[in-house]
Amino acid sequence: MNCFYPLILVVLLFSSCSRKYKVEGSSSVTSLDGKMLFLKMLHEGEWVTVDSAEVLHGLFSMRGPADSARVVTLYMNDEPLMPLVLEDGNVEVTIANSQLSAKGTPLNDKLYEFINKRNSLEVQIEELERKEARMVLDGANVDEVHEQLSKEVDALMKEMNDYVKLFIVDNYENVLGPSVFMMMCSTLPYPVMTSQIEDIVRTAPLSFKNNVLVKEFLDKAKENMQLIEEHKRMQQNVQASVQN
């Protein structure tokens, strides 16, 4: 019986050591040939290099231990190219002028299905904006066209926001939830609590809210909301004193 416990320990250690990521990339962008690519992750406010490889004849490869899944960003020098997940398994990365993708592992497949869907919705919104300009140039009534297409744009925006929220909620418990949440928040001019963010956080588990980046954003957003409310009260007091 005493021999059983060391055997379990050996099995666990072997299992841990056998978890590895392998990134196999191909690029049709000729300017990347001979360039160094870096996998970087945000750690304590700084981008830290996790791995690197040179692009040779349109191909590159990286590999290493994957004890836990991590979301990283593929960089060329200081230019971010695309996000991907380092997890146990083989990740196939494709870099082209019209496409960036990572597939082959569960979380990367899920991430790029999300990115492709969101990009598709953004393209539809941009196309409606171009359509409005074309219709006005063709002589259509500006107000009528704007009213008609604004409804379509609003519907697509709602669909996209709902899709982003649902994706984050469905991935609360893995690295994709916090990462996509931070991608969404990065589009804001400064940290602030929007109705969408409040909806996401309201049902989030502690594991999500205690994520270092999420917690930092939420703390700053709540602080900014207090400052905004104080500023509004000051303006109201000034207006009231002027009226009196």
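The largest pocket of this predicted model is lined by 32 residues, and those nearest its centre are Trp47, Val71, Thr73, Ser179 and Met183. Two or more lining residues come from each of β2 (36-43), β5 (70-76), β6 (79-86), α2, α4 (176-185) and α7 (212-243). Strand β5 gives the largest share, five residues.

Let us put this pocket beside the second largest one. Rolling a probe the size of a water molecule over the atoms shows where empty space is left.

| Pocket | Volume | Lining residues | Classes of the lining residues |
|---|---|---|---|
| Largest pocket | about 920 Å³ | 32 residues | 21 nonpolar, nine polar, two charged |
| Second largest pocket | about 340 Å³ | 19 residues | 11 nonpolar, six polar, two charged |

Which residues lie nearest the centre of the second largest pocket? They are Arg118, Val164, Met183, Met184 and Thr187. You may recognise Met183, as this residue is also listed among those nearest the centre of the largest pocket. At least two lining residues of the second largest pocket are supplied by each of α2, α3 (142-170), α4 and α5 (195-202). Helix α2 gives the most here, with five residues.

## The sheet with β2 and β5

Now follow the strands that help to line the largest pocket. Strands β2 and β5 sit in an open sheet of four strands, ordered β3-β2-β5-β6, and the pairing is antiparallel. What is found at the edges of this sheet? Strands β3 (46-54) and β6 stand there, each with a single partner strand, so one side of each has no neighbour in the sheet. If direction is ignored, neighbouring strands of this sheet are turned by 30 degrees against each other on average.

Within this sheet, β2 and β3 run antiparallel and are joined by eight bridges. To see one place along the strands, look for leucine 39, which stands opposite aspartate 51 in β3.

## The sheet with helix α2

Another open sheet of four strands has the order β4-β1-β7-β8, and here the pairing is mixed. Its edge strands are β4 (59-65) and β8 (100-103), each of which pairs on one side only. The twist from one strand to the next averages 15 degrees.

How many bridges link β7 and β8? Strand β7 (residues 89-95) pairs with β8 over four bridges, in the antiparallel sense. As an example, threonine 94 has serine 101 in β8 as its bridge partner. Helix α2 (residues 106-137) packs on this sheet and touches both β7 and β8, with its direction at about 150 degrees to that of β8. This is the helix that gives five residues to the lining of the second largest pocket.

## Two helices side by side

We finish with α4 and α7, which both contribute to the lining of the largest pocket. Two packed helices are described by the angle between their axes and the distance between the axes. For α4 and α7, the angle is about 35 degrees and the axes are 9 Å apart. Is their crossing left-handed or right-handed? The crossing of α4 and α7 is left-handed.

Which residues bring the two helices together? On the α4 side they are Pro178, Phe181, Met182 and Cys185, and they meet Leu213, Val214, Phe217 and Leu218 of α7. By class, this contact holds eight nonpolar residues, with no polar and no charged ones.

Key:
Residues numbered from 1 in each chain as written. Predicted model: local features only at pLDDT ≥ 70, side-chain atom pairs only at ≥ 80, totals over all residues. Heavy atoms only, no water. Pairing = 2+ DSSP bridges. Axes fitted to C-alpha atoms, helices over the stretch in contact; angles between N-to-C directions. Contact = heavy atoms within 4.5 Å. 1 Å grid on protein atoms, 1.4 Å probe; cavity = no way out; pocket = protein on both sides within 12 Å on 5 of 7 lines; lining within 4 Å. Points joined across faces, edges and corners; volume = space filled by probe spheres on them. Nonpolar A, V, L, I, M, F, W, Y, C, P; charged D, E, K, R; others polar. Left-handed = near helix turned anticlockwise from the far one by under 90°.
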